[in-house]
Structure formats: structure tokens, C-alpha cells
There are 2 protein chains.
Amino acid sequence: MSATIKDICRATGFSTATVSRVLNNSPLVTEETKKRVQQALDRLGYQPHHAARSLKLNRTGMIAVVFPELDNGFFTDVLRGIDEMASEFGTHLLTAFTHGPLDEEELIARMVRERRADSIILMNLTLKDAFLNQIQQWDMPVVLIDRPLKKSGLVSVGIDNRGGAAAMTQHLIDAGHRDFIFIGGPRDTFDAQERLLAFRKVMKLNRLPVPASAIWSGDFTEAGGYRLMSAHLAANRPLPDVIFAANDALAVGAHRALREHGIKVPEQVALAGFDDTDLARHLDLTTVHVPMRMIGREAARQALELLEGRSSQKHMILPTRLVVRRSSARIDRKTRKTKL
Amino acid sequence: MSATIKDICRATGFSTATVSRVLNNSPLVTEETKKRVQQALDRLGYQPHHAARSLKLNRTGMIAVVFPELDNGFFTDVLRGIDEMASEFGTHLLTAFTHGPLDEEELIARMVRERRADSIILMNLTLKDAFLNQIQQWDMPVVLIDRPLKKSGLVSVGIDNRGGAAAMTQHLIDAGHRDFIFIGGPRDTFDAQERLLAFRKVMKLNRLPVPASAIWSGDFTEAGGYRLMSAHLAANRPLPDVIFAANDALAVGAHRALREHGIKVPEQVALAGFDDTDLARHLDLTTVHVPMRMIGREAARQALELLEGRSSQKHMILPTRLVVRRSSARIDRKTRKTKL
DNA sequence: ATGTCTGCTGTAAACGTTTACAGGAGTTCT
DNA sequence: AGAACTCCTGTAAACGTTTACAGCAGACAT
């Protein structure tokens, strides 16, 4: 059993109040007694009992972080960012993964009402707006990652999806590509919607057509990208100039399918992704850099500042950055076409 | 403010004791009152206050999981495995990353004494044996991942490092490779030691020499692998037949350095790793599969079973499996040598 | 009618903190 | 010398639960 305040009292002869005051270094204690108490604390290896403290103070020193089952490779870095910032504030992390979308609401509601944390960071969940609105009733600060809620007071941290997707689209066009396939993400995902929107807009600006068949609907997973690409190839449909996948996972899946069919990237078809995961770097995939660690840091900062009443920026949008690598290289279209 | 038991009392007219009994469905309550209380609970959206409960019961319903700063790509899957098992038991996760080795001991000691969790899983930390021995004094179950402690009562979950490394070494020899470079991990890491040991043993069995210069000392990071390989190439030293890196991160780093020097894998040098991370699959890297999710699941299971007093297996070793991919392909040595 | 038992409910203490309030010892002022 | 401070320390209540124990009502046996 760990030592309690009473043990310290017994050892020093002081009362719980005084010991507690030393612990929270109140100015009301003599240097002398402070020293004596401190010695006892050190000697007995005392640490305050977290549950007791948190019951009394109504403060847990925890941030709950809820992640979706789906992993974009995104997750690790964001979590690390959150942890960095949290540990600077002496706060711990309660991480939870949702197991299927049904589970999400219940998991969150329970955690909140059990008061296991002081604030909560929700990442990329497929929550209904109604639920999000309801969340605001609870008196626990909520930070959304990658999911701004319109007309709501919820704080969110997101990235410049439109800017990134637009820059990418323009880059690909500038590289000489005309015939696109866009592999989108889940329709109900904010990121996916934004990226598609920006893609469409830039295509339109450049007066390039986007037939319905050029927009595939993926799920942000590698397996999904692989499946879609394989199906296309198996059906012997023509290759476009370039495939722009709404995230790296999809791009990587498509890449694998292409490779298995002996199709060279970028020689026969160019490829681009979004997120700049480790894999992208290693596959030489042109992509859009997303500052994941920073997202985590900022989300944690918001969560912590909200706690202190400092209501900071409502909706933070972090910049993205085009990362040009080999997979989008300019190819002389005539050469390529003859090869096919 | 969430509803408390007293709110339920006020609503139903029953005492806290009765309400509490309903919550823990004690058999001592009439069906009738149980029903009436339940209604109030539902109506007010009651959830027990975690801190209060845990103070009284001395049970937090949490497992602390401590990860090193270093990320082998390992981490995500293990955590998911832990989460899977934990959530089956209705237990939450407190994750913490150590920030530098100095920090480790203090972080752990504090968490334990604050009693933030019921049990603790330590992954791959560079803790001193003395500290680990000390841990046993505390009355909190500890599960070590990838780090059995000799002659200690600590439970651990590990993998068959020797089997994996031996199988790999033999495979590479069978593929015709004779001249090896082994990029090892940190000397103070158990995994690194075991893998090197098995490598040496199999080389000896095959009567192949292992000069000191053939063993590099890495750090299990990609940057490290890149640095070592680059230095070697920059110094214009000859390439071996094969480079066996003690983990995938190192192999991937080496791979990048090789690629940057225009050296083809496996045409000019074969390459092998250990861990079977996502990257390995995509780089077609021959490696040793490590069942990361399973490691997490088993670690969590042990942590939970220890809590219930069921002391299960002391030291669990999960099997590894050789995964042969293109990077280790057999090359006609004569052809290769002439090419150089 | 009294005693014993069973079955349910309530009272109150406890878990380990923090903190408002009270109180005691010095010091300074009148 | 007493009052009015200032400093420090102690007493006790509170946070929201759980649970040992007490208590009460009714059923049954004597």
C-alpha cells in the first residue's frame, strides 16, 4: 500500500491540513515545517492518491482521446503530438478506440458522465451532428479533430484540405496531366468532402472535364484502394494520366494493384495521395503534407486552455503543403500513349 | 453537472444504499424498487462518478500502458491489441510515452503511486534491472512486453526472437548469400541481443565467418539505418551479399541510402529486416513477422488476469514467422560481382 | 402474546484528499 | 495590561461512492 497523508501525519506530528498545504505549497507554512514534512514525504515515497484528489477537486488531470477503428497511419503522430503537449501540462491521456460506429456515442457518453477526464478530443469520428450538438450540453470541453461543426460552439482543429487538394490538382495539371481519376474518401467524412470539392473546383477552373466515372468512391483504406484499382485493371479499362487519391492509404493500395499488374508509376500512370505518411515517403509518392503532430499538439492545447476558461480560437485550421515526389513526374503524353 | 446518487434518492425517495445496491445489482432489492430506481437512473442519465467509485473500491478500471519515445511502427498495432482485450473487460487505457530514458522511471513510479491504474504494461523500455526488481515491491501487477526479466516474478510477453533471427539467417544462407552485414539494435535492448545471438549462432553452424566489422551497431530507427548505410557507401567500402537488419526500421533506412546511391535491391545487394511492419510489405522486404496485435492482446490479458489473482503463465513467448519477399532473392554471385 | 427468522431498507462510516473556519501563540499598538 | 493584529496550525466537513450494521415489518413457530 502506498503511503497516505495520514502516514505523513503520524511520521511528523502535523495534521492533514498542514501536510496537504505543503503538498500544494501554500505560503501559509513555515519553512521549518515545510522541510520536515518534505523529508517525510520523500522518505515514504508519498504520492497523492489520484482518485481522492480528483474526487475532491473535480479535476482528473486527464484528457480523453477517442480514435476511430480505422487507421490512416495518421493516428500515431497525432497521439504523440497530443501527448507532448499534455505532458508539458502534467496531464495524462486516456485513449479509447471506438469499435464500430454504433459504439462511438455510447463510449463517449459514458466516459463523459463518469467524468474520467477533464476534456475530450474526438478524432475523425463519424458522429451525427445531433449527437455533437448534444455534447455541448455537457460541461466538458470538447475538441474535434478534422471535423468542424457548423454553427456550433465546439472547438475544432483541422487542416486546410481545400488548399492542399487545390494545390495538388493544379500541380498535376501543370505537370501535363489532363485525364484524371479521383479516388475519394467516405462520403460522410468531412475531409473527403472538402478534398473532392477543391479538386472539382480546380478542374473546372482549368476547363477540364470531370465525368462521373472519374470519381471513385473509396473508404480511406489501403485495401479499398487496392480493390478499386484492381477492379479497374481487371476490367481492362484504359488508364488515365494520373490518379489522385484522397489519402495516402488509398494511393498506396492503388500503387500495389498497379505494381501487381506490371504497370509503372509514374512512367505509365502518375499517382498522388494526401497526408504524407511514412509510406508515401518511401514509395516516392507525391502527396500533401499534413502536420499531424502539430494537429495533436494544438488539439491538446485547446483542450487544456478550454479547461482554464481561456476560450481561445474557435476553429483552427493548420496549413498543408504540397510535397512533390517522383510519382507525379511529368511524362510526355505522346510517348506514354504509344507505349500503351 | 452529472447526476449523483443523491439526485436519484431525491427522485425516488430511496436511500443511497438502496440505489447503490441497484447499481451493483445486489440480490437484496425488490424487483419493484429496482424498477423504480432504474427508471430514475435512465431518466437522469446517471453514471457513477469514476473517482468516487475508484476511491472507495481501490479499483480504477484502468490499465496504464507505457511506450518508449522510439517508434518501431510497432506501437500502433500493439496498442490496438491491448485496447481490444481491455475493452472486452470494460477497462480503459491510460497511455503514456516516456520522453527520454531519464524520464521513464519517474513517470512509472509516479503513476503507480498515484494509483492511476490497476495494472501496468511496460513496452520495450530501457529500464534498469534494479528498477524492475523494485517494481515488484509495489502491489501493482506489471506486464513487460519484449523484456523478460531473469529470475524475477514479473510476467512478460515476448516473441521468439531467436527462432525468427535464426530462420532468417538460414534462409539467407540457403539463398546463396555468404558475405553478411548485420545491423544490430541498441546493445541494451533485449530483442537486439537475442537477434544478434541467433544470427551469430547460425553463422557459426554454417561455418561462415563473422568479422567484427560485419556487425554494425544501430539504434532501431530508420534514421540510424540510413546514417550507417550512407557512411559505408560514402567511404566506398565494398558491399556484402546481404544486409540483415535487426528490425525493419533499420532496413528501411538502409534501403533508402542504397536507393539514393543507385544501388538496386536485391540485384546488387540483398536486404532483410525484422518485425514485418507495413513498410516492409510495401518495399517488398523480406522480414520476420511479429504478431504485434497478439502481443498487445496477450499483454492486456495477463494484466487483467493478474488483477483477479489468477496468476497465469509467467513468461509467454509468441511465435514469429519468416516472410520471404523479393528483397532477399537469390542472386548469382558471379554475375553480381562482375557488375560491381 | 412472545420470540425467531426472513427480507428488505436506511444510517453512517469509510476511502484520501482539500479547505473554510476556528484557534493559539507572538507581536505591536493603545 | 489588554486589544488587535499577524502567522501558523488544527478541526472537521465535504467530494460521491460502497457496505457493515442496525432496524423494521411481516410471517411463522412456539
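# Notebook: two chains and two DNA strands

I began at the DNA in this predicted model. Near strand D, α2 and α4 of chain A and α2 and α4 of chain B each give at least two residues to the surface. I counted 26 residues around DNA strand D, and the closest are Ala17(A), Ile5(B), Ala17(B), Ser20(B) and His49(B). Sorted by class, that surface near DNA strand D holds twelve nonpolar, ten polar and four charged residues.

Next I turned to DNA strand C. Here 26 residues surround the strand, with Ile5(A), Ala17(A), Ser20(A), His49(A) and Ala17(B) coming nearest. The elements that each supply at least two residues near DNA strand C are α2 (16–23) and α4 of chain A, plus α2 (16–23) and α4 (50–57) of chain B. The class count near DNA strand C is twelve nonpolar, ten polar and four charged residues.

**How are the chains related?**

I laid chain A on chain B. A turn of 180 degrees with a shift of 0.2 Å along the axis does it, at an RMSD of 0.3 Å. That is the relation of a two-fold axis. I also checked the contact residues: 100% of those of chain A recur in chain B, so the same surface serves both copies.

**Where do the chains meet?**

I found 36 residues of chain A in contact with 36 residues of chain B. On the chain A side, α4 (50–57), α5 (75–88), β2 (92–97), α6 (101–113) and α12 (278–282) each bring at least two residues. Which element gives the largest share of that side? I noted β2(A), with six residues. By class, the side of chain A that touches chain B has 13 nonpolar, 13 polar and ten charged residues.

I then looked at how β2(A) meets its counterpart. Strand β2 (residues 92–97) of chain B runs antiparallel to β2(A), and three bridges join them. One pair I wrote down is Thr95(A), whose bridge partner in β2(B) is Leu93(B).

**Following the strands inside chain A**

From β2(A) I moved to β1(A), as the two pair in the parallel sense over six bridges. Within that pairing, Ala64(A) has Leu94(A) of β2(A) as its bridge partner. I then checked β1(A) against strand β3 (residues 119–123) of chain A: they run parallel and are joined by four bridges. Ala64(A) turns up here too, opposite Ile120(A) in β3(A).

Is strand β1 (residues 62–67) of chain A enclosed or open? Six of its six residues are buried, so the strand is largely enclosed by the rest of the structure. I sorted the side chains by direction: Met62(A), Ala64(A) and Val66(A) point one way, while Ile63(A), Val65(A) and Phe67(A) point the other way.

**The nonpolar core**

I looked up the largest nonpolar core, which has 172 residues. The members that touch the most others are Ile63(A), Ile121(A), Ala254(A), Ile63(B), Ile121(B) and Ala254(B). What does Ile121(B) contact, leaving aside neighbours within four places in sequence? My list for Ile121(B) reads Ile63(B), Val65(B), Ile82(B), Val143(B), Ile145(B), Ala299(B) and Ala303(B).

**A last look at one histidine**

I closed with His232(B), which lies in helix α10 (residues 222–234) of chain B. His232(B) has 20 other C-beta atoms within 10 Å, so I logged it as buried. Its C-alpha atom and that of Ala257(B) are separated by 9.8 Å, although the two residues are 25 apart along the chain.

How values were computed: Residues numbered from 1 in each chain as written. Chains lettered and ligands numbered in written order. Predicted model: local features only at pLDDT ≥ 70, side-chain atom pairs only at ≥ 80, totals over all residues. Contact = placed C-beta atoms within 7 Å. Nonpolar A, V, L, I, M, F, W, Y, C, P; charged D, E, K, R; others polar. Pairing = 2+ DSSP bridges. Near = placed C-beta within 6 Å. Core = buried A, V, L, I, M, F, W, Y, C linked by C-beta atoms within 7 Å. Buried ≥ 20, exposed ≤ 12 C-beta atoms within 10 Å, placed from the backbone. Least-squares fit on C-alpha atoms with pLDDT ≥ 70 in both.
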